[in-house]
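Reader: I am new to this structure and should like to understand its strands. Would you kindly show it to me?

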Amino acid sequence: MKLSKRFDRFKVEPDPTSAYLSAFRFNAEYFTNWPSQDNKTLSNIVGSRVKLILQESGRSDIRFGDTRFSIEGGDCVFVPPYAVYSAQTHENVRSFELLFNVFPYTREQEFLSQFGLT
């Protein structure tokens with residue numbers, strides 16, 4: 001995307017992560033806010049897109065197979081496509097979810113492995 005020359009004075013060199021991410025295109029498919037998800041249990045969830053869960057408040061437990069993560073306000077979780085996971089929320093949970101695709105598809109696995117996801 002080309003910006004007007006008047007923005008040139010604000011330009012900075014991209015950091016390594018930003019430079020790496022600029023090689024990809026992201027298509028946000030779905031964004032939602034869960035304002036109150038207290039004491040819910042969701043089992044064996046599977047999606048076809050990359051999911052980013054942003055926990056604003058409260059505490060939740062996310063389980064991938066035998067691995068369990070406890071997340072609190074300010075934490076986020078990447079969920080790779082076709083990963084089976086379960087979630088249990090506790091009190092005062094407020095979260096956001098962003099589901100997106102990575103293009104080109106042939107580089108999606110490379111993108112996920114950059115974040116330690118396989």
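Reader: Which residue in β8 stands opposite Ile53?

Author: This is a predicted model, in which local features need pLDDT of at least 70, side-chain atom pairs count only at pLDDT 80 or more, and totals for chains, interfaces and linings use all residues. Residues are numbered from 1 along each chain as its sequence is written, and side-chain values use heavy atoms, with hydrogens and water left out. Strand β3 (residues 50–57) runs antiparallel to strand β8 (residues 94–103), joined by seven bridges. Opposite Ile53, in β8, stands Glu97.

Reader: Which strands stand at the edges of the open sheet β1-β8-β3-β6, and why is one side of each left without a neighbour?

Author: Strands are DSSP runs (E, at least two residues), numbered from the N terminus, and two of them pair if DSSP finds at least two bridges between them. The four strands of this sheet pair in the antiparallel sense. Because each edge strand has a single partner, one side of it is left without a neighbour in the sheet; these strands are β1 (25–34) and β6 (76–79).

Reader: In what order do the strands of the other open sheet stand?

Author: Its four strands are also paired antiparallel. The edge strands, each pairing on one side only, are β2 (41–45) and β5 (67–72). The order is β2-β7-β4-β5.

Reader: Which residue in β5 stands opposite Arg59?

Author: Strand β4 (residues 59–64) pairs with β5 over six bridges, in the antiparallel sense. Opposite Arg59, in β5, stands Glu72.
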